[in-house]
Amino acid sequence: RVRMITLPAEQRSPGKTGSVGAASADLTTQSGSIHGLWSNRWAFVLAATGSAVGLGNIWKFPYMTGQNGGGAFVLVYLICIVFITLPILMAEVLLGRRGRRSPIFAMAAVAREAGCSVLWSLIGWMGVVAGFLILSYYSVIAGWTLAYVPRAATGAFAGGEGPAIAALFDELLASPGWLTLWHTLFMVSTVFVVGRGLQAGIERAVTWLMPGLFIILLGLVAYAATLPSFAQGVDFLFTPDFSKLNAEVVLKALGQAFFTLSLGMGAIMVYGAYLPEESSITRTSLTVCAADTTVALLAGLAIFPLVFAHGLMPGEGPGLIFLTLPAAFGQMPGGVVIGTLFFVLLLVAAFTSALSLIEPAVAWGVERFDTSRAKAAAVCGLLAWLLGLATVFSFNLAENYKPIGGMTLFELLDYLTSNIMLPAGGALIAVFVAWFMRDEHRRAELRTGAAVLYPVWLWLLRIVAPVGVALVFLQAIGVDLGLP
Ligand code: TRP
């Protein structure tokens, strides 16, 4: 059976590693995956942009910008994107396409090809685990968004009184039943789409949803541009106040640059595994990165003028989207329509990201157990759903349960994944591609004749990316770097 032949033999029967000879360790002739391929490079660009554009852009980026002083944070974030995470994005796509399998088996295959230890497949394992952990809480937060769509549409924010809006939010968080219901709906939809297949599921969903997302976002920015406070919003985002910069802000910006591009856990790698042979990794990666950055900036341009127009504060923190913005929607004319569109936008962004969070595990399940995609998706979804209950309860029944570092279960999951697992995965990916992979194989995937840009990319990956990540990592585990 074709499906069996394309799998790394030692994974099926550990005793038979000998059957993977020098010839089969060569990935040069491999041009497809058992999961199929994207129809064309645009499908990949849309799917990867769908993965990248998520709660990170529309919820986290604006509130972090607000909390960390506006323009200076944005500037550092942009520098991190260009010099650290964009090169890693390319490296992850490259590894995926070279390996043509789920991150676990892809890493085993490329490591074998490079003559390195199969232990490198731990990157894939860590990725699959991180995917479950992130998806488990991502689905709960996305569930809030799901709850906010009907609220916005039925005028629940009318009047825009701060305390009334805070009460609505608290009421949702206090109810394990409602949180679980919305979480379940979101997870079932994710499983349904991923289970249908690569082209019939993920590709079709992003083909419809991503253009919709862009249209809604542009509409919201156009609205914001009509407000007298638009200039204030632009100023807040783009005029750096360097006195606001310190080591912590820099490191937060770097962490955000990772999260927003979905790096370090194999989501982009598995999408890269489905990238057709003739598509350019450089060009598609640049497009994804540019689209993701544009969406984050546009989200800022849509949100801050609203916040300023209603005399609200940009530094609200995580509540900016669920507390501050609804107050603005409740006060403005047409707020029902604008508010509904906004939460639909957030929902679409979260949904297309969730597809990529579960895909590495689903692809691995199909390869490892030779089962159908639908079954693999259902099992993975069920596991992530169960784990998600920990996040649900961390807002109510278990809100005082803080096992480590004074963090609730939800905060712990977010901290462990965003601050530790993703940077570690990203650094390992950079180090593997830049220091261990054979140059001819890197060049074969990038098909580069670019004499100047290739070494720039390589050295960014060799030095700048791992060192940058090491700094975030040290900061995350609480080492005092003694920086200003
Ligand atoms: N990038 C998404 C966001 O900005 C979240 C996300 C999806 C993600 N897949 C990921 C983050 C993989 C890290 C790793 O919301």
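**Around the ligand and into the pocket**

Four helices, α4 (41-52), α5 (55-67), α13 (247-260) and α17 (335-369), each give at least two residues to the shell around the ligand. Keep in mind as you look that this is a predicted model. With those helices in view, you can turn to the residues themselves: 16 of them surround the ligand, and the closest are Ala52, Gly56, Tyr138, Phe259 and Ser262. By character, the shell splits into eight nonpolar residues, eight polar ones and no charged ones.

Now let us follow the ligand's nitrogen contacts. A polar backbone atom of Phe259 is 2.8 Å from a nitrogen atom of the ligand. Ser262 takes part through its side chain, where an N or O atom is 3.0 Å from a ligand nitrogen. Thr260 offers a backbone N or O atom, which lies 3.3 Å from a nitrogen atom of the ligand. Taken on its own, the ligand has 360 Å² of accessible area, and the protein covers 100% of it. As for where the ligand is housed, it sits in the largest cavity.

There is also a pocket to visit. The largest pocket has a volume of about 840 Å³. It is lined by 30 residues, and those closest to its centre are Lys60, Tyr63, Met64, Asp414 and Asn419. Two or more lining residues come from each of α5, α9 (162-173), α13, α19 (409-436) and α21 (453-476). You have met α5 and α13 already, as suppliers of the shell around the ligand. The pocket lining is made up of 15 nonpolar, 10 polar and five charged residues, while the ligand's shell has no charged residues.

Key
Residues numbered from 1 in each chain as written. Predicted model: local features only at pLDDT ≥ 70, side-chain atom pairs only at ≥ 80, totals over all residues. Heavy atoms only, no water. Near = heavy atom within 4 Å. Polar contact = N/O pair within 3.5 Å; in protein donor to acceptor, adjacent residues only side chain to side chain. Areas by Shrake-Rupley, 256 points an atom, 1.4 Å probe, with all protein chains shown as cover. 1 Å grid on protein atoms, 1.4 Å probe; cavity = no way out; pocket = protein on both sides within 12 Å on 5 of 7 lines; lining within 4 Å. Sits in = over half its atoms within 2 Å of the grid points. Nonpolar A, V, L, I, M, F, W, Y, C, P; charged D, E, K, R; others polar. Points joined across faces, edges and corners; volume = space filled by probe spheres on them.
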